[in-house]
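Trainee: Please take one part of this model and walk me through it closely. Then follow on to how the helices are arranged.

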Amino acid sequence: MADYILGIESSCDDTSAAVLRDGVLLSNVIASQQVHKDFGGVVPELASRAHEQNIVPVVSQALDKAGITAQDLSAIAFTRGPGLLGSLLVGTSFAKALSLSLDIPMIMVNHLQGHILANFVREEGKPVEEPAFPYLCLLVSGGNSQIVKVSGPLEFEILGQTIDDAVGEAFDKCAKLMGLGYPGGPVIDRLAKLGDPDRFHFAKPQIPGLDYSFSGIKTSLLYFVRDELAKDPDFLEKNKEDLCASFQKTLVDILMGKLIRAAKETGIREITIGGGVSANSGLRERLVAEGKKRRWHTYLPAFKFTTDNAAMIAIAGWFRYRAGERTPLDVAPVSRIADF
Ligand code: KG4
């Protein structure tokens with residue numbers, strides 16, 4: 001008999017549900033919340049309320065699209081954290097209620113491990129190239145920037161991570177500073193394609209080991225823009241493409257520098273990227289180019305699996321389900337990775 005896993009993701013501002021049959025994706029429904037647009041960032045209270053409204057229709061739609069009913073499910077995988085606590089509570093409580101009512105197990109998933117395993121999401125009739133273990137994943141999102149060694153679907157070791165801001169935050173905060181709107185990453189990416197990446201130069205942080213820091217570059221851009229605006233009030237409007245291209249190139253240089261070092265230190269040549277920022281075209285191009293130069297095997301997740309989605313939670317849960325993991329009903333969500 002086939003195993004059907006329902007995945008539920010509600011860690012930030014996307015409510016998502018997905019269904020897998022024996023590890024193959026049947027549906028992946030995402031309701032993105034629009035209420036945050038006017039605030040220039042996610043408002044936690046509004047996010048929880050929107051999840052509460054979205055969760056039932058999103059799960060129903062995922063089951064319908066998969067052509068099954070809730071009674072067919074074998075288990076429920078849900079995001080336990082890290083993320084916004086109020087948002088996580090909605091998905092966790094829903095998973096508990098469904099698990100109790102259907103008398104099926106639930107399996108907690110670390111959101112970041114979901115991103116890291118996104119390359120394993122298989123769709124019917126679509127060939128997918130899976131990385132071989134052990135591999136390195138550059139995990140880059142709005143909340144995290146890490147280099148993770150993945151020795152198996154349940155074995156993760158963080159080799160380096162940001163000591164302050166995440167790279168997605170740097171994209172978002174700097175886009176806001178340039179008046180480009182939220183979320184900033186996709187806008188900067190689009191404008192960067194039209195600009196000269198070597199026109200402006202920003203100082204890169206000197207952080208030991210495999211850790212990152214992105215707060216300095218934000219300050220560097222802030223002061224640079226302030227000084228230029230004092231000389232020419234139209235500076236931003238006239239130079240936004242070159243500014244975005246140069247800023248993006250600096251971030252990609254920083255990310256790739258440590259990734260190259262991690263590959264050299266570990267001798268691992270299987271390299272993947274994950275998380276929202278892995279949608280960035282500059283980063284994807286650079287990863288492929290470095291991979292060719294260094295004879296790495298590189299794997300890029302499909303765009304639809306780079307940002308928050310339940311398909312990645314379902315696949316991470318599927319691995320744990322097969323390994324016999326079950327989560328007790330008294331589990332509570334956690335907001336920070338350190339508490340996971
Ligand atoms: O993984 P994600 O959807 O949410 C979490 O943080 O968990 O990542 C969101 C982040 C935001 O900072 C957004 O600006 C960034 O991913 N992002 C991008 C691009 N698309 C999304 N950053 C750079 N270039 C992009 N194309």
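Mentor: Start with Ser27, which sits in strand 3, residues 24-32. Keep in mind that the model is predicted. Ser27 has a relative accessible area of 4%. The cut-off for buried is under 20%, so Ser27 counts as buried. Its side chain has a polar partner: a polar atom there lies 2.7 Å from the backbone oxygen of Ala62. Ala62 also appears among the contacts of Ser27 beyond four places in sequence. The others in that set are Ala17, Ala18, Val19, Lys65 and Ala66.

Now the helices. Helix 5 spans residues 184-192, and 7 of its 9 residues are buried, so the rest of the structure largely encloses it. The buried residues are Gly184, Gly185, Val187, Ile188, Asp189, Leu191 and Ala192. What do they pack against? They meet helix 4 (167-177), helix 7 (235-266) and helix 8 (281-294).

Two of those partners also pack against each other. The axes of helix 4 and helix 7 are 12 Å apart, at an angle of about 170°. Angles over 145 degrees count as roughly antiparallel, and helix 4 and helix 7 are therefore roughly antiparallel. On the helix 4 side, the contact uses Val167, Ala170, Phe171, Cys174 and Leu177. Helix 7 supplies Leu236, Phe247, Gln248, Leu251 and Leu255. By residue class, this contact between helix 4 and helix 7 has 9 nonpolar residues, 1 polar and no charged.

Terms used: Residues are numbered from 1 along each chain as its sequence is written. This is a predicted model: local features need pLDDT of at least 70, side-chain atom pairs count only at pLDDT 80 or more; totals for chains, interfaces and linings use all residues. Side-chain values use heavy atoms; hydrogens and water are left out. Helices (H or I, at least four residues) and strands (E, at least two) are DSSP runs, numbered from the N terminus. Buried means under 20% relative accessible area, exposed over 50%, partly exposed in between (1.4 Å probe, protein chains only). A polar contact is a pair of N or O atoms within 3.5 Å; within protein, one must be able to donate a hydrogen and the other to accept it, and residues adjacent in sequence count only if both atoms are side-chain atoms. Contact means heavy atoms within 4.5 Å. Axes are lines fitted to C-alpha atoms, for helices over the stretch in contact, and angles run from 0 to 180 degrees between N-to-C directions. Angles under 35 degrees count as roughly parallel, over 145 as roughly antiparallel, 65 to 115 as roughly perpendicular and the rest as oblique. Ala, Val, Leu, Ile, Met, Phe, Trp, Tyr, Cys and Pro count as nonpolar, Asp, Glu, Lys and Arg as charged, and the others, Gly among them, as polar.
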